[in-house]
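Biologist: I should like to learn how to read a protein model step by step. Might we begin with a pair of strands and then widen the view?

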Amino acid sequence: MSNRLNLKPNDLSAFWMPFTANRQFKQTPRMLVSARDMHYTTDDGRKVLDGTAGLWCVNAGHCRPKITEAIQTQAAELDYAPAFQMGHPIVFDFANRLVSMAPQGMDHVFFTNSGSESVETALKIALAYHRAKGNGSRFRLIGRERGYHGVNFGGISVGGIVANRKMFGTLLTGVDHMPHTHIPGKNAFTRGEPEHGGDLADELERIVTLHDASTVAAVIVEPVAGSTGVLIPPKGYLKRLREICDKHGILLIFDEVITGFGRLGTPFGADYFDVVPDIMTTAKGVTNGVIPMGAVFVKKEIHDAFMSGPEHLIEFFHGYTYSGNPIACAAGIATLETYQEEGLLTRGAELGKYWEDALHSLKDAPHVIDIRNIGLVGAVELEPMAGQPTKRAFSAFLKAFEKGVLIRTTGDIIALSPPLIIEKGQIDEIVDCLRTVLTEVE
């Protein structure tokens, strides 16, 4: 073990790190070597409070015994089973458990290995569904500016984060984008859902008119746009999208990779906003981030549209080698049991007001131009440094880590999404650390 942890600088060169300033990191590495509950431990023995649930995924906290034991037991019993033309009991058990907690009418689950794969799967299901129903002219996909839907070609095509798109050519054709809902001039320092901007949903009507509804297959949005900096939908916005999609026969896809499994104080964002999509993508919290896995939920009528023709033929030519991997399923079942036993899927609602008040106490801190919150997720937006966008927030990230708190930044926004087991004192610790950090950064 010690040899693996005592890395020398030259040992860092082989790994091309994702979404990382590689040169900066490898000059001054930030190494995490163990974790427990709310904390990481660094290679120099410091405890770091996890303010981000890893990457929005470790909702039940780190190294939870039930999950760890389930993985160990499953690995010793059935390590792998093919998902093509074969099955194993645990994957059906897990699917049934997921469906039982899903929004009403979402009766089927297709397993993937990540949020990116869940999005690709959902887009393909949407296109294939319309073709199966005899509506092959519906090929257009509508995303949203500043949306994040993973890093595969479908996801970055419907996504709207410029840096994720600009290097990769023309992407998918037939894609359009609605405007984002961030209106800082009217909604700055809003607590919860903003009052202004619900009418932006009507931009979908304009786009549908431009292309004709008969060409539009699906609309995909995050209930709360997470990776772009926690953009919370204005009141009535998602309900209006649902109405427009119903009017024109368009499928509505919710990307719940972040909002799923308790982040908003409800099992799913669909529950929080009382809007049921046709397709829902999940990942991250489905296994507490421990084993890579994703799950795409679909309504019964979508699934059943594929169940035609000779019974010996494959109905949907899509899937992954690791779809429904036994060890991932074991981790997922143990994760759901942990959520249930500890009431974690609704704990965000119980702590939401305390979290909100704590975050908004930073309103008068240096450089802060907006604060947003919903459930147990929040954002503190900073004024960019002149000519050096992202630098101020990145400096805050480095200083917070030095002081023992892990935060996440996107652009000049500090994003926070702690494990759902967080205590009030730990919320205070995060906020107090940020208050100090913001007085120290330029």
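Modeller: Certainly. Let us begin with one residue and its partner on a neighbouring strand: L141 stands opposite A218 in β7. Please keep in mind that this is a predicted model.

Biologist: How many bridges join β5 to β7, and do the strands run parallel or antiparallel?

Modeller: Three bridges join the two strands, and β5 and β7 run parallel. There is a further neighbour to consider: β5 is also joined to strand β6, residues 175–178, by four bridges, again in the parallel sense. Within that pairing, G143 has H177 of β6 as its bridge partner.

Biologist: Which residues of β5 are buried on one side, and which on the other?

Modeller: To read this, one looks at each face of the strand separately. On one side R140, I142 and R144 are buried, and on the other side L141 and G143 are buried, which leaves both faces of β5 covered. The count for the strand, residues 140–144, agrees: five of its five residues are buried.

Biologist: How should I read a hairpin, and where is there one to study?

Modeller: One reads the two strands, then the residues between them. Here strand β11, residues 368–374, pairs with strand β12, residues 377–382, in the antiparallel sense over six bridges. One bridge to note is that of D370, whose partner in β12 is E381. Two residues lie between the strands of this hairpin, and G375 takes a positive phi near 55°. As for cover, six of the seven residues of β11 are buried.

Biologist: What follows β12, and where is E383 found?

Modeller: E383 lies in the loop between β12 and α16, the latter being residues 391–402. Its surroundings may be read in two ways. By distance, E383 and I369 are 14 residues apart in sequence, while their C-alpha atoms are 6.0 Å apart in space. By contact, leaving aside neighbours within four places in sequence, E383 touches H367, I369 and R392. E383 counts as partly exposed, because its relative accessibility is 45% and that class lies between 20% and 50%.

Biologist: Which residues other than glycine have a positive phi?

Modeller: Two cases may be studied here, including F19, with phi near 45°. F19 lies in the loop between α1 (2–5) and α2 (22–27). The other case to examine is D212, with phi near 80°. D212 is found in the loop between α10 (203–211) and β7 (216–221).

Biologist: Is F19 buried or exposed, and how does D212 count?

Modeller: F19 is exposed, because its relative accessible area is 66% and the cut-off for that class is over 50%. D212 counts as partly exposed, at 42% relative accessibility. D212 also shows how sequence and space may be read side by side: D212 and R138 are 74 residues apart in sequence, and 9.6 Å apart from C-alpha to C-alpha.

Biologist: Where might I study a buried residue in a helix?

Modeller: S118 is a suitable case, in helix α6, residues 115–132. S118 is buried, because its relative accessible area is 0% and buried means under 20%. Not counting residues up to four places away in sequence, S118 touches T112, T281, T282, G294, A295 and V296.

Biologist: And where does T41 lie, and which residues is T41 in contact with?

Modeller: T41 lies in strand β2, residues 39–42. T41 is buried as well, with a relative accessible area of 13%. Beyond its neighbours within four places in sequence, T41 is in contact with M31, L32, V33, S34, R46 and K47.

Biologist: May we now turn to the whole chain? How many helices and strands does the secondary structure come to?

Modeller: It comes to 17 helices and 15 strands. The radius of gyration is 22 Å, close to the 22 Å that the globule rule gives for 442 residues, so the chain is as compact as a globular protein of that length. Along its principal axes the C-alpha trace spans about 65 × 55 × 45 Å.

Biologist: What share of the residues counts as buried, and what can be said of the surface?

Modeller: Of the 442 residues, 55% count as buried. The accessible surface comes to about 19800 Å², and 54% of this belongs to carbon and sulfur atoms. Finally, among contacts with a separation of 6 or more, 73% join residues 24 or more positions apart.

Notes
Residues numbered from 1 in each chain as written. Predicted model: local features only at pLDDT ≥ 70, side-chain atom pairs only at ≥ 80, totals over all residues. Heavy atoms only, no water. Rg over C-alpha atoms; globule rule 2.2 N^0.38 Å. Buried < 20%, exposed > 50% of the residue type's maximum accessible area, 1.4 Å probe, protein only. Contact = heavy atoms within 4.5 Å. Areas by Shrake-Rupley, 256 points an atom, 1.4 Å probe, with all protein chains shown as cover. Pairing = 2+ DSSP bridges.
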